[in-house]
Amino acid sequence: MSVDINFEETMTVTAQLEHFLANGRNKTRLIQLLRQKMTSKGIETRVAKGDADTYIVRCGLEKAISHPTVAIIGEDVDLIMILIALAPAESDTYFMKPGKGKVEAKIFSTRKLQKELSFSQTILLIHTFSGCDTTSAIYRKSKASTVNLFKNQLSQMKNIAVIFYNPSSTSDAISQAGEKMFLAIYKAPANQHNLNNHRYAAFLKSSTKVKSDLSLLPPTKGAAEQHWFRVYLQIQQWLNNQLPPEQWGWARGDDGSLFPVTTKDPVFPDTILNSIFCRCTTGCGGRCGCRKAGMQFSSVCGTCHGICTNGAPLEEEEFELDREVEESNEI
């Protein structure tokens with residue numbers, strides 16, 4: 001964390017921006033200085049006490065009641081998402097993204113976007129589930145792919161969105177809806193309704209490949225659950241419904257700060273720690289790793305996939321033959 005910096009209006013601060021703002025006292029002094037400067041120029045200022053993006057949008061919509069045209073200026077994509085979701089259809093509200101370098105500023109009409117986007121009613125769910133400021137992105141699953149999912153399965157996605165938008169939804173209801181989302185994102189078969197089972201099936205399929213990337217597997221249900229809880233919490237905050245973060249994917253540290261819960265499941269279940277599988281190519285004899293561990297075949301076994309002699313005890317002669325072969329190879 002950055003140290004306290006006693007800066008003034010004319011002072012040039014040499015600290016890196018992220019380090020400077022990481023200190024809450026530096027940030028507070030900067031806000032006070034900016035407010036004083038803007039107020040002296042006749043500009044109204046307000047300070048957000050909660051989610052800043054939500055407050056900015058709600059202030060803009062409040063102004064739109066008494067002003068014919070209102071523009072909200074910012075770079076955070078959360079702003080335009082919240083604006084599309086919350087702006088009344090009759091509101092003439094715009095979002096302006098400032099230009100930078102050779103990139104020109106862009107202006108978006110909220111009313112036009114609401115009409116053109118078939119998924120505007122579910123846009124908060126799309127945005128939060130695929131990753132925003134407070135939720136993680138899903139590895140190798142882009143926001144564009146999530147948008148396409150909603151376009152192709154709009155009816156089902158709308159039903160899921162209704163549950164996530166409902167401030168009275170139970171954790172069980174959110175879990176059921178969230179699991180459906182993950183199964184759709186990872187293109188599970190229509191008859192697959194369990195994320196852990198789909199993860200296992202994906203693992204078996206991946207294990208047969210020469211190069212297997214386990215990071216591409218769907219998450220465990222325990223990890224995914226914390227994700228969709230945080231998604232629900234963020235959506236409710238944007239809808240101005242305040243819920244206790246500790247019940248929805250967050251934990252509070254000793255200093256009072258919140259940090260995301262990754263999972264409440266053990267890192268490795270005992271069944272995984274105790275499992276062994278082999279890559280035998282000739283019948284799983286006495287040298288088979290599964291046999292040496294006192295285990296029968298597994299569906300994960302590399303070549304035989306359980307179709308081998310390891311379903312029944314080997315005769316003593318077979319053990320002796322394998323032992324002789326093993327000893328001859330050690331010389």
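1. In this predicted model, Arg230 lies over the face of Trp250, and the distance to the ring centre is 5.9 Å. That value falls inside the 6 Å limit applied to the CZ atom of an arginine when a charge is taken to sit over a ring.

2. Aromatic contacts deserve a separate look, since the structure holds nine aromatic pairs. One of them joins Phe129 and Phe164, whose ring centres are 6.3 Å apart and whose planes stand at 80°, so the pair is classed as edge-to-face; the angle required for that class is over 60 degrees. The pair links distant parts of the chain, with Phe129 in helix 6 (residues 123–129) and Phe164 in helix 8 (residues 154–165), 35 residues apart.

3. Are the two partners of this pair buried or exposed? Phe129 has a relative accessible area of 0% and is therefore buried, and Phe164, for which the relative accessible area is also 0%, is buried as well. Both residues belong to a cluster that ring pairs build up, in which they are linked with Phe182, Tyr186, Trp228, Phe229, Tyr232 and Trp248.

4. The second largest pocket encloses about 1,000 Å³ of space. It is lined by 27 residues, of which Met38, Glu44, Thr45, Arg46 and Ile56 are the closest to its centre. Two or more lining residues come from each of helix 2 (24–40), helix 3 (52–66) and strand 1 (70–73), and helix 3 gives the most, with seven residues.

5. What is the make-up of that lining by class? The lining of the second largest pocket has 17 nonpolar residues, together with seven charged and three polar ones. In terms of domains, at least three of the lining residues are drawn from domain 1 (1–47), and at least three from domain 2 (50–117).

6. Helix 3 also contains Leu61, a residue with a relative accessible area of 15%, which means that Leu61 counts as buried, the cut-off being under 20%. Leu61 and Thr93 are separated by 32 residues in sequence, while their C-alpha atoms are 7.6 Å apart in space.

7. A comparable description can be given for helix 11 (221–238), in which Gly222 is found. With a relative accessibility of 9%, Gly222 is counted as buried. The C-alpha atom of Gly222 is 9.7 Å from that of Leu195, a residue 27 positions away along the chain.

8. Two backbone angles should be inspected by the reader. Arg140, although not a glycine, has a positive phi of about 60°; this arginine lies in the loop between helix 6 and helix 7 (143–152), and because its relative accessibility is 59%, Arg140 counts as exposed. Asn240, likewise a residue other than glycine, has a positive phi near 70°, and it is placed in the loop between helix 11 and strand 4 (250–252).

Terms used:
Residues numbered from 1 in each chain as written. Predicted model: local features only at pLDDT ≥ 70, side-chain atom pairs only at ≥ 80, totals over all residues. Heavy atoms only, no water. 1 Å grid on protein atoms, 1.4 Å probe; cavity = no way out; pocket = protein on both sides within 12 Å on 5 of 7 lines; lining within 4 Å. Points joined across faces, edges and corners; volume = space filled by probe spheres on them. Helix = DSSP H or I, 4+ residues; strand = E, 2+ residues; numbered from the N terminus. Nonpolar A, V, L, I, M, F, W, Y, C, P; charged D, E, K, R; others polar. Domains from an automatic or database assignment. Phe/Tyr/Trp six-rings, centres within 6.5 Å; stacked < 30°, edge-to-face > 60°. Buried < 20%, exposed > 50% of the residue type's maximum accessible area, 1.4 Å probe, protein only. Lys NZ or Arg CZ within 6 Å of the ring centre and 35° of its normal.
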